[in-house]
Amino acid sequence: MKKEEVEQIVFSSLRQIAPDTETMELSPSDHFRDTLGLDSFDFLQLMVLLDEKLKINIPEKDYGEITTLGFLVDYLAKKVGDE
Amino acid sequence: MEDGTLMQWRMKKGDTVNRGDVIAEVETQKGLIEIEVFEEGTIEDLLIDEGTKVPVGTILALIKPKVAIEGQSSTQGEKAELQPIEEKPEVKPKEEKAKEDPTVSRDSKEKVMASPLAKRIATEHHIDLSQLQGSGEDGAITKQDVEQAITQQNGKRAKATAKKPSDDSTDNSAANAVRSAIAAAMSKSKSEIPHYYLEKNMDMMSALTWMNEANKDRTVKKRLLPAALMIKAVALALRKIPELNAFWENGLQLKEKINIGFVVALRNGGIIVPALHSPDLKTLDEIMEDLNDIIPRAKALKLRSSELSDSTITLTSIGEGGADSIYGIIYPPQVAIIGFGNISEQAFADKGMLGVRSMVRVSLAGDHRATDGLTGSRFLSSLNNYLQNPEEL
């Protein structure tokens with residue numbers, strides 16, 4: 001799966017959780033949780049959606065590292081490649 | 001406000017009116033308001049024509065009181081005067097400006113049992129009393145019943161408008177409805193309830209370590225959040241200190257069931273507080289399932305009426321990265337609110353040693369009419385004990 005495809009899945013998931021999200025306005029260096037005002041519950045929902053859509057396991061210990069949009073996309077693309 | 005324009009008569013000469021019926025609409029500087037009747041009887045005369053601007057205090061209509069009608073012998077026919085404008089008008093949202101007003105049943109034979117205060121509030125908020133189920137004596141509708149209906153109506157209104165994101169003005173009215181519901185409840189609380197505040201700094205290390213271990217065996221969907229542990233610990237501590245799981249209504253009324261109102265922040269501002277039913281009797285997984293079900297619906301303003309009305313106490317949690325502590329305002333008629341701040345690493349002294357621990361500041365606001373600080377302090381200690389023994393949750 002290409003990185004662009006992963007990115008699109010991340011965007012569509014974000015829009016599901018925060019319907020008013022303008023994902024086009026997000027930049028890779030954005031701390032998307034702050035930018036979009038996602039609380040811990042929203043974040044867990046995001047992980048659930050990504051888990052379902054990409055069929056990958058995101059261990060809870062990695063949650064803390066997932067801060068910027070760029071990191072999340074890279075992280076997921078690598079996971080998808082590995083699994 | 002000095003004057004108002006009579007826009008429309010809702011009743012005509014000879015109509016029977018009941019206390020709380022809306023008789024006319026008047027446009028004022030503060031918006032369109034509905035004029036209600038405070039007498040029961042028959043409209044004898046409408047004195048002002050539609051479209052006429054009149055000063056405050058003008059008599060709009062004459063009403064023959066019911067007593068005079070029934071007792072035919074009464075020839076005096078006491079005339080009730082109507083004051084056109086109250087000092088506290090409710091602005092009626094434009095979207096609800098329908099020709100048929102659902103607020104008050106026009107059928108005078110259909111007598112709804114309700115307290116005068118309940119009727120008044122219902123009229124101000126355009127609630128149809130005939131659609132409500134009363135919780136008072138003989139099924140009479142109380143102020144609480146009406147306030148619940150208002151909360152639901154606000155939810156529905158916000159829900160209805162949320163579908164039209166392009167319409168800014170409608171969006172505003174949804175946000176305004178939530179805002180005014182919060183404003184009303186919080187103003188009432190702060191003006192009536194003498195709050196006392198307590199805070200305890202709690203060690204979350206064992207709870208979080210236990211949770212992280214427990215989550216390793218769970219699928220992403222089933223993973224626990226600290227909120228589930230907080231809710232369960234609060235519920236169990238309430239079983240030990242039941243005085244805080246209560247309403248203040250003509251004295252302290254202890255509630256048998258523990259239903260925790262969990263504060264959910266709305267994306268466009270405002271909060272909504274759905275009830276989690278009996279978490280003391282549920283496992284952490286069941287509580288998590290409840291949260292997974294209820295939080296998205298709360299954010300979409302799609303809650304069931306029982307979820308909006310059943311809370312016996314409120315829990316608010318700031319969440320990751322937020323303020324270190326939060327001091328809540330009690331939601332009447334509840335008597336307490338518990339606030340969890342952000343869980344953060346802090347220096348912690350234990351048995352003469354200094355260490356770094358994940359800590360959380362937990363506050364309790366209690367109604368001092370209902371309980372004293374000692375009760376609150378016992379509750380916080382009990383809550384802390386449960387959080388130190390997460391395997392028992």
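Start with the salt bridges between the two chains: in this predicted model, chain B and chain A share five of them. Select Lys221(B) and Glu52(A) to see one salt bridge, whose closest N and O atoms sit 3.1 Å apart. While you're at the boundary, turn on polar contacts too: eight residue pairs across the interface of chain B and chain A qualify, with both partners at pLDDT 80 or more.

Now color chain B by secondary structure. Two elements give two or more residues each to the side that touches chain A, namely helix H5 (205-216) and helix H7 (284-299) of chain B. H7(B) gives the most, with six residues. By residue type, this side of chain B splits into eight nonpolar, four polar and five charged.

Next, select everything that touches across the boundary. You should get 17 residues of chain B in contact with 23 residues of chain A. How much area do chain B and chain A bury between them? About 1500 Å², with 48% of it on carbon and sulfur atoms. On the chain B side, click on Val220(B), Arg223(B) and Arg267(B): these lose the most area to chain A, together 45% of what that side buries.

Stay in helix H5 of chain B and pick Asn215(B). Is Asn215(B) buried or exposed? Buried, because its relative accessibility is 1%, and the cut-off for buried is under 20%. Show what surrounds it: apart from neighbours within four places in sequence, Asn215(B) is in contact with Glu60(A), Arg223(B) and Leu224(B). Draw a distance from the side chain of Asn215(B) to the backbone nitrogen of Leu224(B), and a polar atom of that side chain turns up 2.7 Å away.

Same helix, another stop: Glu213(B) and Lys216(B) form a salt bridge, with the closest N and O atoms 3.1 Å apart. The two are three residues apart in helix H5 of chain B, so about one helical turn separates them. Glu213(B) is partly exposed at 45% relative accessible area, while Lys216(B) is exposed at 63%.

Jump along chain B to Arg297(B) and Glu307(B), whose side chains meet in a salt bridge at 2.8 Å, N to O. Arg297(B) belongs to helix H7 of chain B and Glu307(B) to helix H8 (residues 305-309), so this pair ties together parts that are ten residues apart in sequence. Both Arg297(B) and Glu307(B) are buried. Then select Asp39(A), Asp42(A), Arg267(B) and Lys299(B) together: salt bridges with shared partners join these four into one network. You've met Arg267(B) already, among the residues that lose the most area to chain A.

Finish on chain A. Hide chain B and follow the cartoon: four helices and zero strands, in the pattern α-α-α-α along the sequence. Of the 83 residues in chain A, 49% are buried. Switch on the surface, and its accessible area comes to about 4300 Å², with 51% belonging to carbon and sulfur atoms. As for contacts in chain A with a separation of 6 or more, 56% come from residues 24 or more positions apart.

One last click: Lys61(A) and Asp62(A), whose side chains meet in a salt bridge at 3.4 Å, N to O. Here Lys61(A) is exposed, with a relative accessible area of 68%, whereas Asp62(A) counts as buried at 10%. If you'd like to keep going, a search of the whole structure finds 22 salt bridges over all chains.

Methods. Residues are numbered from 1 along each chain as its sequence is written. Chains are lettered from A and ligands numbered from 1 in the order in which they are written. This is a predicted model: local features need pLDDT of at least 70, side-chain atom pairs count only at pLDDT 80 or more; totals for chains, interfaces and linings use all residues. Side-chain values use heavy atoms; hydrogens and water are left out. Contact means heavy atoms within 4.5 Å. Buried area is the accessible area (1.4 Å probe) that two parts lose on being put together, summed over both. A polar contact is a pair of N or O atoms within 3.5 Å; within protein, one must be able to donate a hydrogen and the other to accept it, and residues adjacent in sequence count only if both atoms are side-chain atoms. Ala, Val, Leu, Ile, Met, Phe, Trp, Tyr, Cys and Pro count as nonpolar, Asp, Glu, Lys and Arg as charged, and the others, Gly among them, as polar. Buried means under 20% relative accessible area, exposed over 50%, partly exposed in between (1.4 Å probe, protein chains only). Accessible areas come from the Shrake-Rupley method with a 1.4 Å probe; for residues, only the protein chains shown count as cover.
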